[in-house]
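User: I would like to go through the side-chain pairings and helix packing in this model. Please reason briefly and finish each answer on the value or name I ask for.

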Amino acid sequence: MKKNIVALLCAMITLSASPLSFERGRFRIVVPPGSPAPVSLAANTLARDFGKVMRWQPPVDSVCSARESNIVLLSDPAAGSGWEVRPLDGVESHRLYLSDDGRDLYLLGNDMRGAIYAAYTFSEEFLGVPPLWYFCGWVPGYKPRVEVPAGYDKLVGSPSVRFRAWFPNDEDMLNPWREKSWENDELWLEAMLRLKLNTVEFGPTVTYPDHKMSHNADLLKKYGLVLTSHHMVGLNNSFANWEQYWKQVKGVEAPELLLANIEAIKEFWSYNIETIMANNQENLWQIAFRGRRDEPFWNVFADAPADEAARAEVINRMVGMQYDMIKQATGEADPFVRMTFYDELSDLLAKGLLKPPSASNMLWTFVAGRRDHYPYDDLVNYDFSKPMQLGYYMNLQFTSTGAHLAPAEGPWKMEANYRYVLSRGPLTFSVVNAGNIREFLMEMSANAAMMWNVGSYSTDDFLHDFCAQYYGADVAADAAALYRAYYDAYWLQKPSVFPGMDRQFIFQDLRYCQVFNQVLRRFDDFSPNPLTDIGFERVPRRSFRLDGINDVDSIIAGTGQAALRFAAVADSCSALMARIPIERQAFFYDNLASYASYMASLSESLHHFMQAYKGNGDRLSELKASREALAQARSALHLSQHGPFGSWYANDHIWDLSDKLRSLDRLINRVDSTR
């Protein structure tokens, strides 16, 4: 009898310890009534993921089945009786676990995004769906069943950084691509959530005349993401839209942009705030007082003072008003608000003239040094004896002189920047300028990983895991080494001066573009230093930061060396490609090999072009060699056009490689005709 009881107990333990198996037609996804719409969207996306790997899509329902297993997606830990709710951490924490009887799976979030992250965590871990599936051409492997181990219980605590953002900028290729399909328009937002990001930075998102938000803002609301604004945009709008407001909303001619017209300015701001509130937009407020575009306010206000102290006082007064208006509209005594210290604001803060509002949820957002991305003087020299929460804005690309068609900064430099910021105070907000997105997928993924768990993050570990996930475990170490070799191949045109940062100054591909632009205009007027600063440059020689004997010789030497280094990386990529599973080779080419080949040919092209400009050797031969190498650079990129990205470079209007080729053709014909 005793032996029978022991056998029965063993059988019961074995039964209870069995894995939960999800099979076709035998489970459903359950989203309780009243769940936020973005959670329901995530549930349907999870069902779609199942459909890809099981070739059968489970139904999404609001009630559990008594006969089948249930995957319960909960966004409210206090949802009431009937749910097996287990303890969580804080904001956005989530937990994946089997029910006590092992029959159901719970995907529990501490809030809306916590639940969304739980769904995508399960999808990645058990269905094998990578966060960048749409970008990498992921080919799902067939699974007749999906098994969750007995006793499975995974708790993911709250993120290290509260607001973790992307800022798409220089959208010359991104925006036309988004217009081609709803997938292009929206699935980059899904990728953000799969990476556990939560905020997107946009330019103006307030529209006229009926208190509506822009399409971009509506999409963030649909996916459950936070909206915040660009550093030139205060209260989700800018003075670029000043005239439209008065004409379309008020039906009158716009008052002149004068500091004296403060009541009109406050009316403009009030409409912006009212629009955000009317749309229930989850918004991280930005206060700012700048010009119509990315410029100081004194460029457009005719009655602006001339001295820096008075200008700073105007900004102090204006952003203080904005902050008070936010508090009044929201009813919050201490709302989350950020102010970004960019360009002239950074300089004024560094001089002690700028005095932003100070509160426990006021996020002082410092910006990596302009054009070259490292902690700037305002952050380095500021007295942080008074506790505050910090934000940090880092460019992975830059509008006129940074990376554009190929990544350049790299995840190690990203980590070094953020480690320094964290040494200065608690980091609550992070944003990386992501350009057209596709070029910076690995770097942005690294940033997302670091912002979720700063303490355990290591770039080397992240990169190995990234390569294992997207290219295969067998080649992960070699692929990671090639990424490092790629970034190290860049020409570092000036020695680093920031402690601990070995790649402070980089000659990114838009700097190549600017050299072509400027020298083409004066090709017959040789100067050893032909380059001039760009735009509203506030620091002399910062646009190129050349540190050699002269511009021309520095560029000839630097590009010659870089061409050889990039070519070696490209050759190694070609050799490694044969070891990568065929279905993963395209993304390896798209995300690394194409950029190595592009930069090798681009460096060779500029090297020959500057030789011709200086008059070294046969000018015509040098120009033809430059033209041929530039065509090869374009071809290297265009080989990555496939699938959803079949026409990705059709709207390359910032670099405009095709236009440069036409310019070289004209120059070659002119030089040839004078021989």
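User: At what angle do helix α2 and helix α6 pack?

Analyst: This is a predicted model. Helix α2 covers residues 37-54 and helix α6 covers residues 182-194. Their axes lie 13 Å apart. The angle between them is about 90°.

User: Are α2 and α6 roughly parallel or roughly perpendicular to each other?

Analyst: The helices pack at about 90°. Angles of 65 to 115 degrees count as roughly perpendicular. So α2 and α6 are roughly perpendicular.

User: Which residues of α6 make the contact with α2?

Analyst: Both helices contribute side by side in the list of contact residues. From α2 come T45, R48 and D49. From α6 come L187, E190 and R194.

User: How many residues of that contact of α2 with α6 are charged?

Analyst: The contact residues divide by type. One is nonpolar and one is polar. The charged ones number four.

User: How many salt bridges does the count come to?

Analyst: Side chains of opposite charge can pair when their charged atoms come close. Here the cut-off is a nitrogen of Lys or Arg within 4 Å of a carboxyl oxygen of Asp or Glu. By this rule the count is 46.

User: R26 forms a salt bridge with E23; is R26 buried or exposed?

Analyst: The closest N and O atoms of R26 and E23 are 3.2 Å apart. E23 is partly exposed, at 23% relative accessible area. For R26 the relative accessible area is 53%. Exposed means over 50%, so R26 is exposed.

User: Which residue forms a salt bridge with R290?

Analyst: R290 is buried, with a relative accessible area of 1%. Its partner counts as partly exposed, at 28% relative accessibility. The closest N and O atoms of the pair are 2.6 Å apart. The partner is D294.

User: How many residues apart in sequence are the parts tied together by R511 and D372?

Analyst: The two side chains meet in a salt bridge, at 2.8 Å from N to O. R511 lies in helix α17 (residues 509-521), while D372 lies in the loop between β14 (362-367) and α12 (377-381). The pair therefore ties together parts whose separation in sequence is 139 residues.

User: Are R511 and D372 buried or exposed?

Analyst: Buried means under 20% relative accessible area. R511 falls in that class, and so does D372. Both are buried.

User: Which residues are joined into one network by salt bridges that share partners?

Analyst: Shared partners link these salt bridges. The network consists of D343, D347, R370, R371, E537, R538 and R542.

User: How many aromatic pairs does the structure hold?

Analyst: Rings count as a pair if their centres lie within 6.5 Å. The structure holds aromatic pairs to the number of 66.

User: What kind of pair do the rings of Y117 and W452 form?

Analyst: The ring centres are 5.5 Å apart and the planes stand at 90°. Y117 lies in helix α3 and W452 in helix α14, so the pair ties together parts 335 residues apart in sequence. Y117 is buried at 0% relative accessible area, and W452 is buried at 11%. Planes over 60 degrees apart count as edge-to-face, so this pair is edge-to-face.

User: In which helix is Y483, the partner of F466?

Analyst: The rings of F466 and Y483 have centres 6.5 Å apart and planes at 85°, so they are edge-to-face. Both residues are buried. F466 sits in helix α15 (residues 459-471). Y483, 17 residues apart from F466, sits in helix α16.

Terms used
Residues are numbered from 1 along each chain as its sequence is written. This is a predicted model: local features need pLDDT of at least 70, side-chain atom pairs count only at pLDDT 80 or more; totals for chains, interfaces and linings use all residues. Side-chain values use heavy atoms; hydrogens and water are left out. Buried means under 20% relative accessible area, exposed over 50%, partly exposed in between (1.4 Å probe, protein chains only). Helices (H or I, at least four residues) and strands (E, at least two) are DSSP runs, numbered from the N terminus. Axes are lines fitted to C-alpha atoms, for helices over the stretch in contact, and angles run from 0 to 180 degrees between N-to-C directions. Angles under 35 degrees count as roughly parallel, over 145 as roughly antiparallel, 65 to 115 as roughly perpendicular and the rest as oblique. Contact means heavy atoms within 4.5 Å. Ala, Val, Leu, Ile, Met, Phe, Trp, Tyr, Cys and Pro count as nonpolar, Asp, Glu, Lys and Arg as charged, and the others, Gly among them, as polar. Rings of Phe, Tyr and Trp (its six-membered ring) pair if their centres lie within 6.5 Å; planes under 30 degrees apart count as stacked, over 60 as edge-to-face and the rest as tilted.
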